[in-house]
Structures are given as structure tokens and as C-alpha cells.
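Student: Could you take me through one part of this protein slowly, staying with the packing of its interior and the parts that surround it?

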Amino acid sequence: MIVIDRENLLAPGWSHVVSTTNDIGELEDFRRRIGAPTAALQLGNPDWPHLDLTGHVRLDALALPDVIVVSTTRDLIRYVRHQRTVTS
């Protein structure tokens, strides 16, 4: 499941996108689907792969009906951690 924060409070105009299962393939498929550049996929932290989105691809992603949108990055982290404990 894909989750996106409405806006990164530390970087206005940007959003994070994560997979509740840390599925890099799911993130890559989502990146292609919305037309985000390859550089949007961030793999520096193996425990928290994510997409960094800005501009029209961010707005397109936020408008999709099949993603979970939360307000802040803090909410995103909380939501994903909860989902991971529920499904493990």
C-alpha cells in the first residue's frame, strides 16, 4: 500500500511516498505510474526507502484515489509503523 504525506514540513512543496511493506518494486511502479524522475527514488536508508516528490508529479500523486494521504511526515511515519505492527 502506498502512503504519501501532504507536505514535508521541513521542505515545503515536497512530499514523501512510502510503501507500507518497504517494497521497492511497488515504489518503482508508482514512480513510473505518476511520471516521477528516477532520482525521486531514495534508497540511502534500507529501512526507509521512499520517493521524494515535488511539482506536478506530487500533485498528481496526492490526487490518486488508491493512495493513503496523511497530513505530515510525522503522521506518515506513525501510520506506516502501525501498519507494519498490525501485519507482522
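**A close look at the core and its surroundings**

Tutor: Let us begin at one pair of residues, in a model that is predicted: the bridge partner of Leu-41 is Leu-51, which belongs to strand E4. The strands E3 and E4 pair in the antiparallel sense, over two bridges. In general, the strands of a sheet pair through backbone hydrogen bonds, and they may do so either parallel or antiparallel. Here the sheet is an open one of five strands with mixed pairing, and its order reads E3-E4-E2-E1-E5. Strand E3 (41–42) and strand E5 (68–70) are its edge strands, each pairing on one side only.

Leu-51 also leads us inward, as one of the residues that touch the most other members of the largest nonpolar core, a group of 15 residues; with Leu-51 in that role are Ile-4, Val-17, Phe-30, Ile-34 and Leu-53. At least two residues of this core come from each of strand E1 (2–5), helix H1 (24–34), strand E4 (50–54) and helix H2 (55–63). Apart from this core lies another, made of six residues, including Val-3, Val-18, Trp-48 and Val-70. In soluble globular proteins, nonpolar side chains tend to be buried together.

Two members of the largest core deserve a slower look. Phe-30, once its neighbours within four places in sequence are left aside, is in contact with Ile-2, Val-17, Leu-51, Ala-61, Leu-64 and Val-67. Ile-34 is found in helix H1, and it counts as buried because its relative accessibility is 9%, where buried means under 20%. Not counting residues up to four places away in sequence, Ile-34 touches Leu-53, Val-57, Ala-61 and Leu-64. With Val-57 the separation along the chain is 23 residues, yet the C-alpha atoms of Ile-34 and Val-57 are separated by 5.9 Å.

Finally, let us turn to helix H3. This helix lies across E1, strand E2 (14–19) and E5, and it runs at about 160 degrees to E1. Thr-73 has its place in helix H3, which covers residues 73–87. Beyond residues up to four places away in sequence, Thr-73 touches Asp-5, Glu-7, Asn-8 and His-16. With His-16 there is also a polar contact of 3.3 Å, which joins the side chains of Thr-73 and His-16.

Terms used
Residues are numbered from 1 along each chain as its sequence is written. This is a predicted model: local features need pLDDT of at least 70, side-chain atom pairs count only at pLDDT 80 or more; totals for chains, interfaces and linings use all residues. Side-chain values use heavy atoms; hydrogens and water are left out. A nonpolar core is a set of buried Ala, Val, Leu, Ile, Met, Phe, Trp, Tyr and Cys residues joined through side-chain atoms within 4.5 Å. Buried means under 20% relative accessible area, exposed over 50%, partly exposed in between (1.4 Å probe, protein chains only). Helices (H or I, at least four residues) and strands (E, at least two) are DSSP runs, numbered from the N terminus. Contact means heavy atoms within 4.5 Å. A polar contact is a pair of N or O atoms within 3.5 Å; within protein, one must be able to donate a hydrogen and the other to accept it, and residues adjacent in sequence count only if both atoms are side-chain atoms. Two strands pair if DSSP finds at least two bridges between them. Axes are lines fitted to C-alpha atoms, for helices over the stretch in contact, and angles run from 0 to 180 degrees between N-to-C directions.
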